[in-house]
Amino acid sequence: MFPSQRTLNNKIEFSGIGLHTGERSNMIVSPSNIDTGIVFKRTDLSEDINILADIDNVVETKRGTTLGIGDNKIFTIEHFLSALFCNHIFFSCCYQWFIY
């Protein structure tokens, strides 16, 4: 049984260097509506693809967890999901990731 859904009060923005790529990455984490789930979106790609954090979207587990739909992938998401879980954020959050 899962706990009640919770989301963020406000949008959070931060940036850093990608662990495996070494490229600058920027992230925006936004509150979302009930029953949205945790959704990942690569805004640096031309396609508008939303990838739900769901076991059915796991495409790789070597050296990290990768979610993907087709050629669109989000890498090493397990640390981010753990941080959300530890802060009692469940099932309603939109995560946007883009590279400069």
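# Exercises on a predicted one-helix, eight-strand chain

The secondary structure of this chain comes to 1 helix and 8 strands; here helices (H or I, at least four residues) and strands (E, at least two) are DSSP runs, numbered from the N terminus. This is a predicted model, in which local features need pLDDT of at least 70 and side-chain atom pairs count only at pLDDT 80 or more, while totals for chains, interfaces and linings use all residues. Residues are numbered from 1 along each chain as its sequence is written, and side-chain values use heavy atoms, with hydrogens and water left out.

## Exercise 1: An overview

Task: Find the order of the elements and describe the surface and contacts of the chain.

Solution. Start at the N terminus and walk along: the elements run β-β-β-β-β-β-β-α-β.

Next, look at burial. Of the 100 residues, 33% count as buried. Buried means under 20% relative accessible area, exposed over 50%, and partly exposed in between (1.4 Å probe, protein chains only).

Then turn to the surface. The accessible surface of the chain is about 6,800 Å², and 52% of that belongs to carbon and sulfur atoms. These areas come from the Shrake-Rupley method with a 1.4 Å probe; for residues, only the protein chains shown count as cover.

Finally, take the contacts (heavy atoms within 4.5 Å). Among those between residues at least 6 apart in sequence, 52% join residues at least 24 apart.

## Exercise 2: An aromatic pair and the core

Task: Which two residues form the aromatic pair, and what does the pair tie together?

Solution. Begin with the count: the structure holds 1 aromatic pair. Phe40 and Phe80 form this pair, with 6.0 Å centre to centre and 70° between the planes, which is edge-to-face. For the cut-offs, rings of Phe, Tyr and Trp (its six-membered ring) pair if their centres lie within 6.5 Å; planes under 30 degrees apart count as stacked, over 60 as edge-to-face and the rest as tilted.

Now place the two rings. Phe40 lies in strand β3 (residues 37-42) and Phe80 in helix α1 (residues 78-86), so the pair ties together parts that are 40 residues apart in sequence. Both Phe40 and Phe80 are buried, and Phe40 has 0% relative accessibility.

Step out to the surroundings. Phe40 and Ile77 are 37 residues apart in sequence, and their C-alpha atoms are 9.4 Å apart in space. The largest nonpolar core has 13 residues, and those with the most contacts inside it include Phe40, Ile77 and Phe80. Such a core is a set of buried Ala, Val, Leu, Ile, Met, Phe, Trp, Tyr and Cys residues joined through side-chain atoms within 4.5 Å. The elements giving two or more residues to this core are β2 (24-31), β3 and α1.

## Exercise 3: The hairpin of β1 and β2

Task: How many bridges join β1 to β2, and which residues are partners?

Solution. Count first: 6 bridges join strand β1 (residues 12-17) to β2, and the two run antiparallel. Two strands pair if DSSP finds at least two bridges between them.

Then name partners. Ser15 has Asn26 in β2 as its bridge partner, and Ile12 has Val29 in β2.

Look at the turn as well. The hairpin has 6 residues between the strands, and Gly22 there takes a positive phi near 75°.

Last, check burial: 6 of the 8 residues of β2 are buried, so β2 is largely enclosed by the rest of the structure.

## Exercise 4: The sheet of three strands

Task: In what order do the strands of the open sheet stand, and which are at its edges?

Solution. Trace the sheet: 3 strands form an open sheet in the order β5-β6-β7, with antiparallel pairing. At the edges stand β5 (58-60) and β7 (72-74), each with a single partner strand, so one side of each is left without a neighbour in the sheet. Neighbouring strands here are turned by 45° against each other on average, direction ignored; the axes are lines fitted to C-alpha atoms, for helices over the stretch in contact, and angles run from 0 to 180 degrees between N-to-C directions.

Zoom in on β6 (residues 66-69), which 3 bridges join to β7. Gly68 stands opposite Lys73 in β7. Thr66, in strand β6, counts as buried at 6% relative accessibility. Not counting residues up to four places away in sequence, Thr66 touches several residues, among them Val58, Val59, Lys73 and Ile74.

## Exercise 5: Positive phi outside glycine

Task: Where are Arg63 and Thr76 found?

Solution. Arg63 is in the loop between β5 and β6, with a positive phi of about 60° although Arg63 is not a glycine. At 75% relative accessibility, Arg63 counts as exposed. Thr76 is in the loop between β7 and α1, and its phi is near 50°, again positive in a residue other than glycine.
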